[in-house]
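Here is my note on the model you sent. The points are numbered for easy reply.

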Amino acid sequence: MAQQLLMPKATAVWLVDNTALSFDQIAQFCKLHPLEVKAIADGESAQGIKGLDPIATGQLSRDEIARGEANINHKLKLSEPKVRVPDSKRKGPRYTPVSKRQDRPNAILWLVRNHPELKDAQISRLVGTTKSTIEQIRERTHWNSANLTPMDPVTLGLCSQIDLDLEVERAAKGRPLPTAAEVGATLESARETEKLDYGYEREEEKEIDADAVFAKLKSLKSDRKDEDEDDNF
């Protein structure tokens, strides 16, 4: 991957303020138009941008700046990076070692049975197979379907548990909520619950007789008084 300058406009601001390089040299190094660099020098452009020191970031050396200041025709070159970042691999189907390819049908059968919510594309990403093979195993038209045994692809080493959990979670997000008939349990209506017999009868509320209550309190007080008198003797 070709090396690119980080934050070219901020770098141009720093070079304009801290070096004697020409506008053309700065424009060529920062991939800007010379008129844009002139506008930065005149304060008409990039007023809110803080300059970025390319020496501190390791993208330009002091010697390279000195050579550019001494020779107006010198073109500045980016410094070689100290750390090489490997290029990201192009996304594609998962590679399966030859020794494990014979286990793929068993893994597909396990995924189809235990995770029916997974789409063919997700299964293909997990074990590195084709949609036609998945369809054949699902419909039991595979040439070796009689001998297939469901086996966990994580145990077989075809995918990691993290990848499997991630695909299952993605499939669950797009899955509609189960209906009441699928769950097999529904709430009864209020009209039906009112008629249910819970095995007990509601006791009828008795009317409170005030005279009987006060008579009972009087008897309790008299008994307490008699007990106190007996204690005094």
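In what order do the elements of the protein run from the N terminus on? The run is α-α-α-α-α-α-α-α-α-α-α-α. Please keep in mind throughout that this is a predicted model.

1. Overall make-up. The protein has 12 helices and 0 strands. It holds 233 residues, and buried residues make up 28% of them. The exposed surface of the protein comes to about 18300 Å². Carbon and sulfur atoms supply 52% of that surface. Take the contacts between residues at least 6 apart in sequence: 62% of these join residues at least 24 apart.

2. The largest nonpolar core. This core has 19 residues. The members that touch the most other members are Ile-108, Leu-111, Leu-118, Ile-123, Leu-126, Val-127 and Leu-164. Helices H5 (104-114), H6, H7 (131-138) and H9 each give two or more residues to this core. H5 gives the most, with 6 residues.

3. Ile-108 in detail. Leave aside residues up to four places away in sequence. Ile-108 then touches Ile-123 and Val-127. Its other contacts on that count are Thr-129, Thr-133, Ile-134 and Ile-137.

4. The second core. A separate core contains 18 residues. Among them are Leu-15, Phe-29, Cys-30 and Val-37.

5. Salt bridges, count and first pair. Side chains of opposite charge can pair when their charged atoms come close. The count here is 6 salt bridges. One of the pairs is Glu-36 with Lys-9, where the closest N and O atoms are 2.9 Å apart. Glu-36 lies in helix H3 (residues 34-41) and Lys-9 in helix H1 (residues 8-18), so this pair ties together parts that are 27 residues apart in sequence. How accessible are the two partners? Glu-36 is partly exposed, with a relative accessible area of 26%. Lys-9 is partly exposed too, at 30%.

6. Asp-42 and Lys-38. These side chains meet in a salt bridge, with 3.0 Å from N to O. Asp-42 counts as partly exposed because its relative accessibility is 42%. Lys-38 counts as partly exposed at 39%.

7. Arg-125 and Glu-167. Which parts does this pair tie together? First the geometry: the side chains meet in a salt bridge at 3.0 Å, N to O. Arg-125 lies in helix H6 (residues 120-127) and Glu-167 in helix H9 (residues 161-173), so the bridge ties together parts that are 42 residues apart in sequence. Arg-125 is partly exposed at 42% relative accessibility. Glu-167, in contrast, is buried, with a relative accessible area of 6%. Arg-170 belongs here as well: salt bridges that share partners join Arg-125, Glu-167 and Arg-170 into one network. H6 and H9 also appear among the elements that give two or more residues to the largest core.

8. Gln-25, a polar residue to check. Is Gln-25 buried or exposed? Its relative accessible area is 4%, so Gln-25 is buried. Gln-25 is found in helix H2 (residues 23-30). A polar atom of its side chain lies 3.0 Å from the backbone oxygen of Asn-71. Not counting residues up to four places away in sequence, Gln-25 touches Gly-68, Asn-71, Ile-72, Asn-73, His-74 and Leu-76.

9. A nonpolar surface patch. Which residues make the patch of about 320 Å²? They are Phe-214, Leu-217 and Leu-220. Phe-214 is found in helix H12 (residues 210-232). The relative accessibility of Phe-214 is 54%; exposed means over 50%, so Phe-214 counts as exposed.

10. Backbone angles to look at. Met-7 has a phi near 50°, a positive value in a residue other than glycine. Met-7 lies in the segment before H1. Met-7 is exposed, with a relative accessible area of 53%. Arg-140 has a phi near 60°, again positive in a residue other than glycine. Where is Arg-140 placed? Arg-140 is in the loop between H7 and helix H8 (153-156).

Technical notes. Residues are numbered from 1 along each chain as its sequence is written. This is a predicted model: local features need pLDDT of at least 70, side-chain atom pairs count only at pLDDT 80 or more; totals for chains, interfaces and linings use all residues. Side-chain values use heavy atoms; hydrogens and water are left out. Patches are made of residues with over 30% relative accessible area and no salt bridge: like charges are joined within 9 Å, nonpolar side chains (Val, Leu, Ile, Met, Phe, Trp, Tyr) within 5 Å. Accessible areas come from the Shrake-Rupley method with a 1.4 Å probe; for residues, only the protein chains shown count as cover. A salt bridge is a side-chain nitrogen of Lys or Arg within 4 Å of a carboxyl oxygen of Asp or Glu. Helices (H or I, at least four residues) and strands (E, at least two) are DSSP runs, numbered from the N terminus. Buried means under 20% relative accessible area, exposed over 50%, partly exposed in between (1.4 Å probe, protein chains only). A polar contact is a pair of N or O atoms within 3.5 Å; within protein, one must be able to donate a hydrogen and the other to accept it, and residues adjacent in sequence count only if both atoms are side-chain atoms. Contact means heavy atoms within 4.5 Å. A nonpolar core is a set of buried Ala, Val, Leu, Ile, Met, Phe, Trp, Tyr and Cys residues joined through side-chain atoms within 4.5 Å.
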